[in-house]
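Me: Please take a close look at the annotated active site of this model, and then follow the salt bridges and the helix contact elsewhere in the chain. I would like one connected account rather than a list.

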Amino acid sequence: MEHPDSILIVDFGSQVTQLIARRVREAGVYSEIAPFQSAAAAFARMQPKGIVLSGGPASVLDEGSPRIPQAILDSGLPILGICYGQQALTQQLGGRVEKGVGGEFGEAFVEIDQACALFDGLWTSGERHQVWMSHGDHVAQLAPGFRPVASSKGAPFAIIADDARRIYAMQFHPEVVHTPDGAKLIANFARHVCGLAGDWSMAEFRAAKIAEIRAQVGEGRVICGLSGGVDSAVAAVLIHEAIGEQLTCVFVDHGLMRAGEADQVVGLFRGHYNIPLVHVNAETLFLSGLAGVTDPEAKRKFIGKTFIDVFEEEARKIGGAQFLAQGTLYPDVIESVSFTGGPSVTIKSHHNVGGLPERMNMQLVEPLRELFKDEVRALGRELGLPDIFVGRHPFPGPGLAIRIPGEVSKERCDILRKADAIYLEEIRNAGLYDAIWQAFAVLLPVRTVGVMGDARTYDSVLALRAVTSVDGMTAQAFQFPGDFLPRVATRIINEVKGVNRVTYDYTSKPPGTIEWE
């Protein structure tokens, strides 16, 4: 989907590049991320109105370190460089970068020395503001045309500006919450420097995407896989609005759903939207295929492949379909793509990312591929989906299979389903559901000794997980009131046969992921 007013973010490998895209979109401007290796192609395709260069772990002084595509430097468009982006700009435009002695990490303060377009309505000369630094190298000599506009204890050129070429760069990270005014700095770049109106909205996205779906599909048939989650539901409703009866939804009940979920999905689509829906009971197929499989990636890949197999069979039954629709989101794409091109930095493969087997004569329709989770919720509300459905916590496509480390079985799925339902019921009863990004239980491949009544037990351990987040790219453990977790643990142990110990996961993302597998 092309947007006439957009900003391209060139990713040099920072762990928080996704936050730059978030901040640009929060300013009402559409943005996309492209790894530096493919940035030139993305630049030519998007024809953006501005470019942001991210941070990254490399040093510009190292041989073979990432470089800014020359086409971007020659474009005359506004550029904002962040951390590594500042250093790359400096070196490639004729300045000098030096290895730091100790670097500068964590909270820092910048002194505002001169006025700058980034500071409009925000900062003035003589002020001191908190920022977040994370760098070893530093700019030692400015490139021709630049002037220093702010400094810090460890970075004399903390912010630099070339007003004539509309190039600005900073050593700190404005995209993180630890830089309190960072979002406003990025908004000033998008709105004041790039001159963009900031009027990108879900209504605009809806209209443009409907037109794009119609152009892609034409008179063809589309089959859409429903997972039970928000993403595939929103994708299905959007596609149905675009092409009507050309869409058939397939809900694959793989035996890995939460309690009562199948009935909810079927009721919503058949009863509320009257969208053609095929309900496939494939529990035996999936659980038999997962028997003996313990590796998380093997689970995901088997489930993804089997989903495709089921879709292919159902497409044949309805007389053929030329397109397969999926609820793939932007974070799915980002997490599944290796930054360096090798396998080592892929965090996890997502069952709905990576295209279709060559044998299938079908094309993908992925209308949400450019959106973050909270944007999908906004689109769902724009489409009129009931809030009780749109507001549901995220649920992974592989379902409970990746919430059961080790081997998956029907017995263990039933145990987890019941425990998870108690946990979510207590969260709703406490009025905490909407304050939490995602909450779920994990059934561990660990057994412990317990005592119930006068009897010894030797049963499974259950872990509870609840996090707060904006878009799922970073997350913090939710802090429950003092009596909540003991109450939930007591209910689960008393009501769920097979569990005798309950723990709570306090790990943030990073270093952990939200899901356990």
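Reply: What follows begins with the annotated site and then turns to the salt bridges and one helix contact.

The model is a predicted one, and the site itself comes from a record: an unreviewed UniProt entry lists C83, H173 and E175 under "active site". Although these residues span 93 positions in sequence, no two of their C-alpha atoms are more than 11.1 Å apart, so they gather at one spot.

Two of the listed residues can be followed in some detail, beginning with H173, whose place is in the loop between β11 (167-170) and α5 (182-193). With a relative accessible area of 8%, H173 falls under the 20% limit and therefore counts as buried. Leaving aside residues up to four places away in sequence, H173 touches S14, V16, G55, I82, C83, W132, S134 and T179, and one of these, C83, is itself listed for the site in the UniProt entry. E175 is likewise found in the loop between β11 and α5, and its relative accessible area is 0%, so E175 is buried. With the same exclusion of residues up to four places away in sequence, the contacts of E175 are V16, L19, I20, R23, I82 and I186. Both V16 and I82 are touched by H173 and also by E175.

One of the contacts of E175, namely R23, leads on to the charged pairs, since R23 belongs to a salt-bridge network that links R22, R23, R25, E26, D374 and E375. The structure as a whole holds 34 salt bridges. Among them is the one between D231 and K373, whose closest N and O atoms lie 2.7 Å apart. This pair ties together distant parts of the chain, with D231 in helix α7 (residues 230-243) and K373 in helix α12 (residues 373-382), 142 residues apart. D231 counts as buried at 15% relative accessibility, and K373 counts as buried at 7%.

Two further salt bridges are each made within a single helix. The side chains of K305 and D309 meet at 3.0 Å, N to O, and because these residues are four apart in helix α10 (residues 296-317), about one helical turn separates them. K305 is exposed, with a relative accessible area of 53%, whereas D309, at 25%, is partly exposed. In helix α15 (residues 484-495), R491 and E495 are also four residues apart, about one turn of the helix, and their side chains meet in a salt bridge of 2.8 Å, N to O. Here R491 counts as buried at 18% relative accessibility, while E495 is partly exposed at 34%.

Helix α12, which carries K373, also takes part in a helix contact. The axes of helix α6 (residues 202-217) and α12 come within 9 Å and cross at roughly 75°, which makes α6 roughly perpendicular to α12. The contact is made by M202, A203, F205 and R206 of α6, together with E375, A378, L379 and E382 of α12. By class, the residues of this contact divide into five nonpolar, no polar and three charged. E375 connects the two parts of this account, being one of the residues of α12 in the contact with α6 and also a member of the salt-bridge network that includes R23.

How values were computed
Residues are numbered from 1 along each chain as its sequence is written. This is a predicted model: local features need pLDDT of at least 70, side-chain atom pairs count only at pLDDT 80 or more; totals for chains, interfaces and linings use all residues. Side-chain values use heavy atoms; hydrogens and water are left out. UniProt positions are given in the numbering used here, feature names are shortened, and annotations may be inferred rather than shown by experiment. Buried means under 20% relative accessible area, exposed over 50%, partly exposed in between (1.4 Å probe, protein chains only). Contact means heavy atoms within 4.5 Å. A salt bridge is a side-chain nitrogen of Lys or Arg within 4 Å of a carboxyl oxygen of Asp or Glu. Axes are lines fitted to C-alpha atoms, for helices over the stretch in contact, and angles run from 0 to 180 degrees between N-to-C directions. Angles under 35 degrees count as roughly parallel, over 145 as roughly antiparallel, 65 to 115 as roughly perpendicular and the rest as oblique. Ala, Val, Leu, Ile, Met, Phe, Trp, Tyr, Cys and Pro count as nonpolar, Asp, Glu, Lys and Arg as charged, and the others, Gly among them, as polar.
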